[in-house]
Amino acid sequence: MSKKRPGGESLPSAPSTATGTSPDHEVPAATPAPDPKRWWALAVIALAQLMVILDGTVVNIALPSAQRALGMSDADRQWVITAYTLAFGGLLLLGGRIADLVGRRRTFVIGLAGFAAASALGGAATGPGMLFGARALQGAFAAVLAPSALSLLATTFTDPKERARAFGVYGALAGGGSAVGLIVGGLLTEYLNWRWSLYVNVPIALAALLGAPAFLRDRSSRRGGHLDVPGALLGCGGLVALVYGFSQAEPRGWSSPSVLTPLVAGVVLLTAFVWWQSRAASPLLPLRIVRDRVRAGSLATMGLATIGMFGVFLFLTYYLQVVLGYPPVRTGLAFVPISAGIVVGATQIAARLLPRTAPRTLMSSGMVLAAAGMVLLSSLTVHAQYVTHVLPALLLLGLGMGLTFMPVYATATAGVPAQDAGVASAVLNTVQQMGASLGTVLLNTIATSATGRYLHSHAPGPGADGETLDQGMVHGFSVAYRCSAGVLLIAALVAGLTVWHRTPKHAGNDAPA
């Protein structure tokens, strides 16, 4: 079924997905027959998603060991993380459009194979430069893999109830993968060595590679076409500049030219990118994708949620290891409750409610729960107990993330024509990545400044004892947690005001998504 633009161009209508749409608004649409292998396809996609998300944190716990083994300086060690985030965040839009042009199953396989090879290269690194290069390659292939995986999921599951279940699994992995990475990283570092935090990706990728040709189906009829080279240069350049500027803000300070220059350049390049996309014949990012109010609201909710949530893993890891003295494995296991909460929230609550509940209800409720968890964390002291103080907060945070991420993924990708599914998925991944980068810098700056003020007022002399240092650190974390709670409440408000009953629709297509 199709509709006509004023100029006569035919627009395909998207398959219906129920996210609170009233039957009165439904327009009959031709729905492709379900793929009999779709649940096996979900397993393959889930493996790839777990690998990409897990890799964002699995290296963190192993970083001190890698630094000692390879002789990295303190100034250079950040590039183990930054090289990955720069390539991943900067190339996502390009990766998504390439997937739309040449086929998502093909780019999915290429991304998997390249990610596995880059991981093996990083695990075998003999020096810092080799490790940095491998991490950059991982990010580049992840930028191809991630939007391909999400768009394959969006086009494979068209039945409302099945779509909700599939996105429940995806949302659980997206939200819980970071916590799983901390657990896996702690186990591998303590019982094997830091190299296995990279080698672990190889068997996961190989398992997904074996299943991809047999179970994945690419429903897009679009092949070939022209890549928007100016748009790719402007968009990717702007995103790389922003991510780099954020990454340098922590060690150099916001007023440093090394921070201000890339941030300003990023804003200028992205402004030029938007201008060019409104005029390009084959734009890298068709602006109709982000003009829809519901989709834009979902993207904003994801960005704010990621900014607010990222402090949990960063600060709580330091709190458990430095203040409470947990070893790496125990630190990783301490995050199990948040992963369990995400799984329950996404697969058992949100996935069951989404077919008959407005997505804004789930998103706003999830963000309020997560904000309550942040408020609990802000009351931690240097002598707090895990079971009575940390555990309840992690359970609330996990449930809140699960309730939010699952409908965000389902709503932000609904109603997008199959030929644009890759770049639409890339936009969502880009927002998530930018939120993580910005959240890390902002919250860490807030926490560091609050700690400095505390120590200045409580230990004005030449030094402070260990107890005072710990109290200052926890005070800084508490201030950052309260700020995170505020950001999450703003996300709840944004979702409530923008993500209404109707699902996103593509351009002039009035059919429900």
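Is Ala87 buried or exposed, and at what relative accessibility? I looked this up first; Ala87 counts as buried, at 12% relative accessibility. I use buried for under 20% relative accessible area, exposed for over 50%, and partly exposed for in between, with a 1.4 Å probe and protein chains only.

**Entry: basis**

I am working on a predicted model, in which local features need pLDDT of at least 70, side-chain atom pairs count only at pLDDT 80 or more, and totals for chains, interfaces and linings use all residues. Residues are numbered from 1 along each chain as its sequence is written, and side-chain values use heavy atoms, with hydrogens and water left out.

**Entry: whole chain**

I find 17 helices and 2 strands in the protein chain. These are DSSP runs numbered from the N terminus, helices being H or I with at least four residues and strands E with at least two. Of the 513 residues in the chain, 56% are buried. I then looked at contacts, meaning heavy atoms within 4.5 Å. Taking contacts between residues at least 6 apart in sequence, 84% join residues at least 24 apart.

**Entry: Ala87**

I went back to Ala87, which lies in helix 2. Leaving out residues up to four places away in sequence, Ala87 touches Ala136, Gly139, Ala140 and Ala143. I also checked the pair Ala87 and Leu239: their C-alpha atoms are 9.5 Å apart in space, with the two positions 152 residues apart in sequence.

**Entry: salt bridges**

How many salt bridges does a search of the whole structure find? It finds 2. The criterion is a side-chain nitrogen of Lys or Arg within 4 Å of a carboxyl oxygen of Asp or Glu. As background, side chains of opposite charge can pair when their charged atoms come close.

I noted Arg97 with Asp100 at 3.2 Å, N to O. Arg97 and Asp100 are 3 residues apart in helix 2 (residues 79-102), so about one helical turn separates them. Arg97 is buried at a relative accessible area of 2%, and Asp100 is buried at 0% relative accessibility.

I noted Arg104 with Asp100 at 2.8 Å, N to O. Arg104 is also buried, at 0% relative accessibility. Through shared partners, the salt bridges join Arg97, Asp100 and Arg104 into one network.

**Entry: Arg135**

I looked up Arg135 and placed it in helix 4. Arg135 is buried, with a relative accessible area of 1%. Beyond its neighbours within four places in sequence, I list contacts of Arg135 with Asp55, Val59, Val80, Ile81, Ala83, Tyr84 and Leu198.

**Entry: helix packing**

For the pairs below, axes are lines fitted to C-alpha atoms, for helices over the stretch in contact, and angles run from 0 to 180 degrees between N-to-C directions. I call angles under 35 degrees roughly parallel, over 145 roughly antiparallel, 65 to 115 roughly perpendicular, and the rest oblique. A crossing is left-handed if the near helix is turned anticlockwise from the far one by less than a right angle, and right-handed if clockwise. Residue classes are nonpolar (Ala, Val, Leu, Ile, Met, Phe, Trp, Tyr, Cys and Pro), charged (Asp, Glu, Lys and Arg) and polar (the others, Gly among them).

*Helix 4 with helix 16.* I get an angle of about 120° and axes 8 Å apart for helix 4 (residues 128-156) and helix 16 (residues 421-458). The two are therefore oblique to each other, and the crossing is right-handed. The contact residues include Ala146, Pro147 and Leu150 of helix 4 and Ala421, Gly422 and Ser425 of helix 16. By class, this contact has 6 nonpolar, 5 polar and no charged residues.

*Helix 3 with helix 7.* The axes of helix 3 (residues 104-123) and helix 7 (residues 201-215) come within 9 Å, crossing at roughly 160°. That makes the pair roughly antiparallel. I record a left-handed crossing of helix 3 past helix 7. Among the residues that meet are Arg105, Phe108 and Val109 in helix 3 and Asn201, Val202 and Ala205 in helix 7. The contact divides into 13 nonpolar, 2 polar and 1 charged.

*Helix 14 with helix 15.* Helix 14 (residues 359-377) and helix 15 (residues 386-412) cross at roughly 155°, and their axes come within 7 Å. They are therefore roughly antiparallel to each other, with a left-handed crossing. The residues that meet include Pro359, Leu362 and Met363 in helix 14 and Pro392, Ala393 and Leu396 in helix 15. I count 18 nonpolar, 5 polar and no charged residues in this contact.
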